[in-house]
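User: I am new to this structure and would like a guided tour. Could you take me through it topic by topic?

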Amino acid sequence: MPHKVNVQSLPEDIALRITSKLTLKETARTSVLSSVWKQACVFHPNLYFGIETEPGGHAKGEVCSDPRKRMLTISKFIERVDAILKNHCGTQVNKFAVKFGLSMKHTKHINRWLSFAIASKARAVILNLSPDRNPFAYDDNYAFPFQLFDGQNGSYLHVLQLESVTLGSSPDFCGFANLKMLDLHLVILLQDLRQLLSKCCVLEWLSIRRCFELSSLCVPEPLCRLQYLRLQNCAFRSIEFHAPNLTTFEYKGSPALMNFSKCLKLKTTAIWIDVTNTLKYMLTGIPSILPNVETMHVELLIRNEMSGFTWFPLKFISLKHLTMELTCWGNTKSVFQLAYLLEVAPLLEDLHFEMLGLGPISCPVDVVDIMDLPHFHLKTVCITGFCGNDGQVELAKYILKNALILEHLILKLGGDKGCTSSSCVHEIYGRKEAKERLAPLARDGVVTIL
């Protein structure tokens, strides 16, 4: 018969180990068990103060419309944070996080909390001031205090995540000597970010999202340890990185002049390009930027059929795995032009299309426009959203004819995800077209209709 464990009598080291796995709120509840558990709350290594933990707080981040209620909520939040920090031992802190809609007028409180985090040698500092506040109220942003982290004060910091703050000029700032992860979201940059990054010599992970005024990010000085880079929804016109160990790059936005020629280990990318004809950019622009990539995910918007493309001087010389999410508007004949991928990526092994916006009604496709070229490496192709559209059928026929070692052509039936009323019609028509026009052209077992 199993022995019953009296949690109130557990040794202090075990209680500390257990509470370190709990949230601060959960740990506070255990403090009523005994003096040992109350002591464990004082030594909690992860201090998280969030909007969702406040009575009346908006967990989903809605902006509070009642100014008086908002002021009261802020006042109670500040009091609670101060009370917990006053009773905390101030050592062994691993993560210090504040997720609450605060602004410039609360600078003295936030600075006091950050000073506590610095004194406690916190390895991760997370400051998200968006919740329950308009994230675009830039004039009221809290200014991040570089001066507090200067010198030895910033040497323990490994992770810095900032949202809805302003990074002012800091020419005398000596940098974060051990910072490995930097995440900037909705941050106003009043300084040259290149200058800051050059002072983060051991950075491994960098994310910059929705920093709308950032138009150029050229960092020619080597970031020798950078492995992951994410740039999303900014206003980039030019990007240049010298990161010899960069392996993963994610980008979302408009086309920009990019230079990754010194990032020879860059093998994995995810690209969302915001232009009218992204297929053209995919075939002619991206290979010049990322020629050595082996695995790629691309989201494309196809509006128009391309014309005049018969030969591509630039190729993905290493691309083996490609997934594409395609939203097709207008002339669906452009779907067949995805066959150009077999020419642009001669080493491609598996290819996955997820097609949205297509229905079975389509225009005839002029297959003469694209010349048959044998492909010697493609083994698996999957078309999700197959509905028997002429562009899809001709694309599948081209693959069956030219992919010489093809093992699987998987057709997942269905049309536009947002068109549930006609999904059955799409599925029936797609199955009919696949059986009549594709299955007879394939070797046994190559075509699978799901």
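**Sheets, salt bridges and surface**

Analyst: β4, β6 and β8, in that order, make an open sheet of three strands with parallel pairing. β4 (142-143) and β8 (188-189) are its edge strands, each with a single partner strand, so one side of each has no neighbour in the sheet. Strands are DSSP runs of E with at least two residues, helices are runs of H or I with at least four residues, and both are numbered from the N terminus. Two strands pair if DSSP finds at least two bridges between them.

User: Before we go on, what kind of model is this?

Analyst: It is a predicted model, in which local features need pLDDT of at least 70 and side-chain atom pairs count only at pLDDT 80 or more, while totals for chains, interfaces and linings use all residues. Residues are numbered from 1 along each chain as its sequence is written, and side-chain values use heavy atoms, with hydrogens and water left out.

User: Back to that sheet: how many bridges pair β6 and β8?

Analyst: Strand β6 (residues 165-167) pairs with β8 in the parallel sense over two bridges. Thr166 has Ile188 in β8 as its bridge partner.

User: What is the strand order in the open sheet that contains β12?

Analyst: The order is β10-β12-β14, three strands with parallel pairing. The edges are β10 and β14 (257-259), each with a single partner strand, so one side of each is left without a neighbour in the sheet. On average, neighbouring strands here are turned by 10° against each other, direction ignored; the axes are lines fitted to C-alpha atoms, for helices over the stretch in contact, and angles run from 0 to 180 degrees between N-to-C directions. β10 and β12 pair in the parallel sense over four bridges, and Leu217 stands opposite Ile239 in β12.

User: New topic. How many salt bridges are found in the whole structure?

Analyst: The search finds 13 salt bridges. A salt bridge is a side-chain nitrogen of Lys or Arg within 4 Å of a carboxyl oxygen of Asp or Glu.

User: Which residue forms a salt bridge with Asp82?

Analyst: Arg112 does, and the closest N and O atoms are 2.8 Å apart. This pair links distant parts of the chain, with Asp82 in helix α4 (residues 67-87) and Arg112 in helix α5 (residues 107-119), 30 residues apart. Asp82 is partly exposed at 26% relative accessible area, and Arg112 is partly exposed at 37%. Buried means under 20% relative accessible area, exposed means over 50%, and partly exposed lies in between (1.4 Å probe, protein chains only).

User: And what does Arg194 pair with?

Analyst: Arg194 forms a salt bridge with Glu221, the closest N and O atoms being 3.0 Å apart. Arg194 is in helix α6 (residues 193-197) and Glu221 is in the loop between β10 (216-219) and β11 (228-232), so the pair ties together parts 27 residues apart in sequence. Arg194 is partly exposed at 34% relative accessibility, as is Glu221 at 31%.

User: Is Glu433 buried or exposed?

Analyst: Glu433 is buried, with a relative accessible area of 6%. Glu433 forms a salt bridge with Arg437, with the closest N and O atoms 2.7 Å apart. The two are four residues apart in helix α11 (residues 423-438), which means a separation of about one helical turn. Arg437 is partly exposed, at 25%. Salt bridges that share partners join Asp390, Glu394, Lys397, Lys432, Glu433, Glu436 and Arg437 into one network.

User: What about the backbone: what is the phi of Lys121?

Analyst: Lys121 has a positive phi of about 60° although it is not a glycine. Most residues other than glycine have a negative phi. Lys121 is in the loop between α5 and β3 (124-128). Asn233, also not a glycine, has a positive phi of about 55° and is found in the loop between β11 and β12 (238-241).

User: How many disulfides are there?

Analyst: The count is zero disulfides, a disulfide being a pair of cysteine sulfur atoms within 2.5 Å. Cys174 is partly exposed at 49% relative accessibility, and Cys218 is partly exposed at 24%.

User: Finally, which residues form the nonpolar patch on the surface?

Analyst: Phe376, Leu404 and Ile405 form it, with about 280 Å² of accessible area together. Patches are made of residues with over 30% relative accessible area and no salt bridge, with like charges joined within 9 Å and nonpolar side chains (Val, Leu, Ile, Met, Phe, Trp, Tyr) within 5 Å. Accessible areas come from the Shrake-Rupley method with a 1.4 Å probe, and for residues only the protein chains shown count as cover. Leu404 sits in the loop between α10 (390-402) and β20 (408-413) and is partly exposed, at 44%.
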